[in-house]
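Got the viewer open? Let's take a short walk through this model, one selection at a time.

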Amino acid sequence: IYHQLYDIYNDYEGINNIKTINDNAGIAPVVVDKKIIDLLKFSKEAYEYTGGKVNVAFGAVLAVWHDYREAGIEDPESAALPPMGLLEEKAQHADINKVIIDENASTVYLEDPQMRLDVGAVAKGYATEQVARMLEEKGIGGILMSVGGNVRAIGGRAEKQKEWNVGVQNPDKESDQQYILITRMMDMSLVSSGDYERYYTVDGKVYHHIINPETLMPAEYFKAVSIICKDSGMADALSTAIFSMPLEEGKKLIESLDNTEALWIKKNGKLVYSSGFENYVKK
């Protein structure tokens, strides 16, 4: 049900989802499932602790990039970049404070008719975490959940409760080495973001899907980043956030958070760890 509720592209019979909210921007509040209310409340928190780097109200800009990327993949000869003027105009409609949540009425309303929600930076991790917590409450352990780049360990493996071995994907697709390193973890999440996930090529240059809200262009600091922390939703948001931050700024954010570690893979392939990340690396 989560994938239907959090979908921005498709309608489902009898379900009001994120697309329904977008379709009613500036028109009317939409009655939605509590799972959407909770996701959007979490997203507002993520906006605060990432200094606005993760903004679910940034969908109008991301939709432009999505359309140009899809067209470029379909017809590489005609691949083009979105005009900066168009991106700047769409960026005027990304004020998260105009996402009005009424918990009593269970409604969400976008005050700005041109605003669009895009929950891609948080929804997968958030939904993974909700399922993990449900399993934990039922006393179910010894499970490793992997949801498209989001890994969540519930307990340890086998009856001995050993740590799970979880690989960090090598962003260099040409390499024979599938993983850049192996982590060991129990009751934690590992989420990675990188320039190798969704991209297209314009005039020989690759443009990926993680857009820096300050430049409105794909972030260019790193090849990939990974986050280890308990909450998969938070890990998802943080991986997107620090991918769009200079190293020192990202380090400062990670070091300010308890039980949260990060790995940065620089453009030259060099690995940089936060202060406690090495504790999770399999020797």
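Keep in mind that what you're looking at is a predicted model. Start by selecting residues 59-74, which make up helix α4. Its 16 residues, at 1.5 Å each, should span 22 Å, and the C-alpha atoms at its two ends are indeed 22 Å apart, so the expected and actual spans agree.

Stay on α4 and show its side chains. Which of its residues are buried? They are G59, A60, V61, L62, V64, W65, H66, R69 and G72. To see what covers them, add α5 (84-91), β9 (199-202) and β10 (205-208), which are among the covering elements.

Next stop: a sheet. Select β1 (30-31) and β2 (99-102), its edge strands, each of which pairs on one side only. Now bring in β3, residues 107-110. The sheet is open, its three strands are ordered β1-β3-β2, and the pairing is antiparallel. Between β2 and β3 there are four bridges. Zoom in on D102 and you'll find T107 of β3 opposite. Then turn on helix α3 (residues 34-49): this helix lies across β2 and β3, at about 130° to β2.

Last, jump to N170, in the loop that links β6 (164-169) to β7 (179-185). Is N170 buried or exposed? With a relative accessible area of 7%, N170 counts as buried, because the cut-off for that is under 20%. A polar atom of the N170 side chain sits 2.9 Å from the backbone nitrogen of D172. Beyond its neighbours within four places in sequence, N170 is in contact with S175, Q177, Q178, Y179 and I180.

Key: Residues numbered from 1 in each chain as written. Predicted model: local features only at pLDDT ≥ 70, side-chain atom pairs only at ≥ 80, totals over all residues. Heavy atoms only, no water. Expected span 1.5 Å × (residues − 1). Buried < 20%, exposed > 50% of the residue type's maximum accessible area, 1.4 Å probe, protein only. Contact = heavy atoms within 4.5 Å. Polar contact = N/O pair within 3.5 Å; in protein donor to acceptor, adjacent residues only side chain to side chain. Pairing = 2+ DSSP bridges. Axes fitted to C-alpha atoms, helices over the stretch in contact; angles between N-to-C directions.
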